Amino acid sequence: MTARPHRRPLRTRLVLGTGAVLVVLCAALAFAGTVVQRAFLVGDLDDRVTAAAEHGLEGAGRRPDSGTDLSFLSGSGHPAGLLAGRVADDGTVTAAAVVREDTPPRRLTTAQRTALHGTTADGTRHTVTVPGLGTYRVTALDSDGTRVLAGLPMDGVRRLTGRLAEAEAVLAAAGLAAAAGVCAVVVRRQLRPLDRVAATAAEVSRAPLDRGAAAGLTRVAARDTDPATETGRVGAALNLMIDHIETSLAERRRGEERMRRSEERMRRFLSDASHELRTPLASIAGYAELMNNGTGRVEPVLAWRRMATESARLTALVEDLLLLARLDAGRPLESAEVDLAAVVAEAVWDARAAGDGHEWRLALPLDEAPALVVGDEARLRQVVANLLANARAHTPAGTTAVAAVEAAGGRVVVRVRDDGPGIPGELLPSVFERFTRADASRAREAGSEGGSGLGLAIAAAIVAAHGGRIGVRSAPGRTEFTVELPSAHDRPHLPHAGTAATTPGASIPWCGSRRAV
């Protein structure tokens, strides 16, 4: 595996980068300043060289025929270090001398004069190195055949230029050091928000997210989420990512909890279904075995009657389970206009015939709109029948049960209430779940009124398939189930597999202001 290259921290790279730019800038400024200053000094020196040549040409004009006469250097007023001479027509220097301070002019040697050969008398300035004397800035002028060479040393220019370069170097070094310190402080201060964002990210990375601990994760402070800055945008993005992490993990926990509850319900459903199916099957198998062994221990008529009863119970249970499976799968229902008032009235009559130990009442409005809904009449009839059967099975004899129908606000409401002992509080939240029964035992005696625990679950599934809702409120002395369905005037027809027609009952006896039976 190739090793990753070592990268310096951003703070170091910023300081080094800024320092490098300042070094280049200072070097360029120093070089430009030195060049400009040298050009200025050389220009001033050239002016003085030209003035000296003009002054020498004026003195040499008094003796123009002598090519070696340097008497014009005998006078005063010459600058120290002045080099002057006479130039022949071919550019050779025939005589030359250098003026020293407080001493007479000293003539140049042949070698020194040779270094000056080739200087044209056209006023052009040249830089010439004279052996033993140093570097000079020289020029030659011609006036009526008299040619004079003059030059001044460049030691002063070089000395000033060197001092200027040294001063600039010292000042640049001091400025760079100060600038580097200031830059380091500024960069450190400017990167503090980024350090805080990085610390927050590190703290979040240490959180045990694999165990679902996503609540209360540290957020980047509001001062570090300013969208006008790069660090602020990073901090805001980190906060958004943390929000997404928390939301995703919370949703995952909820999904896992739903999955766990679903698995528990499935296990309970399978267990309850197996027990419910096992009881009639065991009874049928037992009576069949008795019949097979002979009829001495049991009367054949009784055995066949019990087998038929258990077979009917088994068939009803299987049909209930099949209905729930179809509703869960979203199978289409019959779709037609149904008069719920007629359905409830007929269900009350059926309940009165099945349980004459209870007092059954029907309350219908006289002046309200028809209680019409769109749906499957047979399934809606089963909902009402299950609610009334539940009231009959779980209340003692003499209990009064009232079924009422209301139509208002685009909804049709069916209420079934009784004055029985009520539903236990611990059972109320799960009353519409499958295989929920008041008696926790799975086995029931023959002739027992207890059902399989699917009646209310079927009612809830049918109501949900019709786009409605079902609820219950219970207290000792009053239990009321409420079914709300969309009115036929406010709901389109359901997707259907067929049609069914309903004829409102015409022979229901009415009495009282609400047509109570």
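This report describes salt bridges and the surroundings of one threonine in a predicted model.

**Salt bridges**

The count of salt bridges in the model comes to 25. Three of the pairs are set out below, each with its N to O distance.

| Pair | N to O distance |
|---|---|
| Asp44 and Arg48 | 3.4 Å |
| Arg125 and Asp46 | 3.9 Å |
| Glu257 and Arg260 | 2.1 Å |

Asp44 and Arg48 belong to helix α1, which covers residues 10-60. The two residues are 4 apart in sequence, about one turn of the helix. Asp44 counts as partly exposed because its relative accessibility is 38%, between the limits of 20% and 50%. Arg48, at 43% relative accessibility, is partly exposed as well.

Helix α1 also takes part in the salt bridge between Arg125 and Asp46. Asp46 lies in that helix, whereas Arg125 sits in the loop between α2 (110-116) and β4 (126-130), so the salt bridge ties together parts that are 79 residues apart in sequence. With a relative accessible area of 7%, Asp46 is buried, because buried means under 20%. Its partner Arg125 has a relative accessibility of 34% and therefore counts as partly exposed.

The salt bridge between Glu257 and Arg260 is found within helix α5, residues 230-293. Because Glu257 and Arg260 are 3 residues apart in this helix, about one helical turn separates them. Both side chains belong to partly exposed residues: Glu257 has a relative accessibility of 29%, and Arg260 has a relative accessible area of 35%.

Salt bridges also form a network in this model, linking Glu406, Arg415, Arg417, Arg473, Arg478 and Glu480.

**Around Thr218**

Thr218 is located in the loop between α4 (192-205) and α5. Its relative accessible area is 29%, so Thr218 is partly exposed. Leaving aside residues up to four places away in sequence, Thr218 touches Thr200, Glu203, Val204 and Ile242. With one of these residues, Glu203, the side chain of Thr218 makes a polar contact of 2.8 Å. Ala201 is 17 residues from Thr218 along the chain, and the C-alpha atoms of the two are separated by 8.5 Å.

Notes:
Residues are numbered from 1 along each chain as its sequence is written. This is a predicted model: local features need pLDDT of at least 70, side-chain atom pairs count only at pLDDT 80 or more; totals for chains, interfaces and linings use all residues. Side-chain values use heavy atoms; hydrogens and water are left out. A salt bridge is a side-chain nitrogen of Lys or Arg within 4 Å of a carboxyl oxygen of Asp or Glu. Buried means under 20% relative accessible area, exposed over 50%, partly exposed in between (1.4 Å probe, protein chains only). Contact means heavy atoms within 4.5 Å. A polar contact is a pair of N or O atoms within 3.5 Å; within protein, one must be able to donate a hydrogen and the other to accept it, and residues adjacent in sequence count only if both atoms are side-chain atoms.
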